[in-house]
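I opened the model to look up one leucine and what surrounds it. My notes follow.

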Amino acid sequence: MNRINPKKLLHSKWTAVKPTQKEKHFIVSDVEFDEEDNVVSCCIEAVLSKRSTSINWHDLEDDSNWLHGWQ
């Protein structure tokens, strides 16, 4: 399980364990917080295609789908 600090989520780098459409490397491009500093939304951007996707940031904790950093 990947441990993630929500404050350090923005601009963090991730590698998809099972790449789709040749998109393997991603960067967190946008994170929104509410008044109590809880993450409301998170967007990741594929480095290769620049395609942006909204994702539940808790999904990044699953190390069977995501690896922290670019591998």
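Is L60 buried or exposed? I call a residue buried under 20% relative accessible area, exposed over 50% and partly exposed in between, with a 1.4 Å probe and protein chains only. L60 has a relative accessible area of 0%, so I entered it as buried.

Before going on I noted the basis: this is a predicted model, in which local features need pLDDT of at least 70 and side-chain atom pairs count only at pLDDT 80 or more, while totals for chains, interfaces and linings use all residues. Residues are numbered from 1 along each chain as its sequence is written, and side-chain values use heavy atoms, with hydrogens and water left out.

**Entry: place and contacts of L60.** I found L60 in the loop between β4 (52-54) and β5 (66-68). Strands here are DSSP runs of E with at least two residues, numbered from the N terminus. Leaving out residues up to four places away in sequence, L60 touches N2, I4, L9, W14, V28, I55 and W66; contact means heavy atoms within 4.5 Å. N2 is 58 residues from L60 along the chain, yet their C-alpha atoms are separated by 7.1 Å.

**Entry: the core.** I then looked up the largest nonpolar core, a set of buried Ala, Val, Leu, Ile, Met, Phe, Trp, Tyr and Cys residues joined through side-chain atoms within 4.5 Å. It has 15 residues, and those touching the most other members are L9, V28, C42, L60 and W66. Two or more residues come from each of β1 (13-20), β2 (23-33) and β3 (39-46). β3 gives the largest share, four residues.

**Entry: strand pairing around β3.** I counted strands as paired if DSSP finds at least two bridges between them. β2 and β3 are antiparallel, over seven bridges, and E32 has S41 in β3 as its bridge partner. Their hairpin has five residues between the strands, and D37 there takes a positive phi near 60°. On the other pairing, β3 and β4 are antiparallel over three bridges, with C43 opposite S54 in β4. This hairpin also has five residues between its strands, and K50 in the turn has a positive phi of about 65°.
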